[in-house]
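Hello,

Here is the structure I promised to pass on. Please have a look, then read my notes below.

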Amino acid sequence: MKLSTFMAYTIIGTIILSCTEAANNKREQNNIKRNTGNSPAATAGEISKVQASYIYRNRGANQLTHEILQKNIKADSAPDTIHLIPDSQVDIDRQVSTATIPSKKCGNLTNHSSIGERITHCERINGSESFWNGIKNGISGEGVWRLVFNDGREQVWLDVNTKTLWSPIIDKGNWQEASGYDIESDSYTCGNIKLLPADQVRWRLPNRNEFLAADLNGARFVLKDIDALLWTASSDNNQSLAWAIEQETGILSLKEKTSSQEIRCIGTILK
């Protein structure tokens, strides 16, 4: 399967109240569609029509888009599955089913010529362990994640909502080594990842907004080592400091750029 056959995943947040469970199941298995050309970024109004809101909901209940949620609240007709008032007993991470660590190696063959082929191989080899469905397993606006690579020790996952790849923790180092700023290329950690061919993915250090967006999509329920303190690409106004994040909690903290922190990278798919 070529990358073009799956690159235009429908934004998972488009699930509306009228969707049935059967429709959700079908969407889970057929969430890859064709997309060609370079589309402009959606306007704020368009995003509200398709993106799932992050309001709490019963686990597995239909997600509402921002627009539909707003209409329901205005009409005082929000479904009982939506929590306008948080419930401290159920609106907690413990209610979310986390991704299963895949048991078989996949996406690691040298004849895989695209990321799409690696995803297809992982699905064939690992079945349900090759994806995490935040629509069914989550309690907010979580999305779908697909397994791209597993060597038996480390995994690479695709965040379908943003079409970005997330690496395991690659190394530990200072901010320059993590970000590649003002440093020799052979010392740039994210620029020297060998898990996937360089002609299939371009790696870099995620900024704090990208980490937070991945968290909204369910990263802490999918990726390993989420309790580590990770460098972000975001500097402070004080140029000697940069932001680091703990994905398990979402807590951001400022660290000296010369200090040593863990490094996880984000990838743009090339083919």
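Start with R264. This arginine is buried (under 20% relative accessible area, 1.4 Å probe, protein chains only). Yet R264 has no salt bridge (a side-chain nitrogen of Lys or Arg within 4 Å of a carboxyl oxygen of Asp or Glu). The nearest side chain of opposite charge is D225, 5.6 Å away. Lys and Arg count as positive here, Asp and Glu as negative; His and the chain ends are not counted.

This is a predicted model: local features need pLDDT of at least 70, side-chain atom pairs count only at pLDDT 80 or more, and totals for chains, interfaces and linings use all residues. Residues are numbered from 1 along each chain as its sequence is written, and side-chain values use heavy atoms, with hydrogens and water left out.

What does the side chain of R264 make a polar contact with? The side chain of Q247, at 2.9 Å. (A polar contact is a pair of N or O atoms within 3.5 Å; within protein, one must be able to donate a hydrogen and the other to accept it, and residues adjacent in sequence count only if both atoms are side-chain atoms.) A polar atom of the R264 side chain also lies 2.9 Å from the backbone oxygen of S167. R264 sits in strand β9, residues 261–269.

Now the whole chain. It has 7 helices and 9 strands (DSSP runs, numbered from the N terminus: H or I, at least four residues, for helices; E, at least two, for strands). Of its 271 residues, 44% are buried.

Last, helix α7, residues 208–216. At its start, a side-chain oxygen of N207 comes within 3.0 Å of the backbone nitrogen of N209. Just after α7, G218 has a positive phi of about 110°.

Best wishes

Conventions: Buried means under 20% relative accessible area, exposed over 50%, partly exposed in between (1.4 Å probe, protein chains only).
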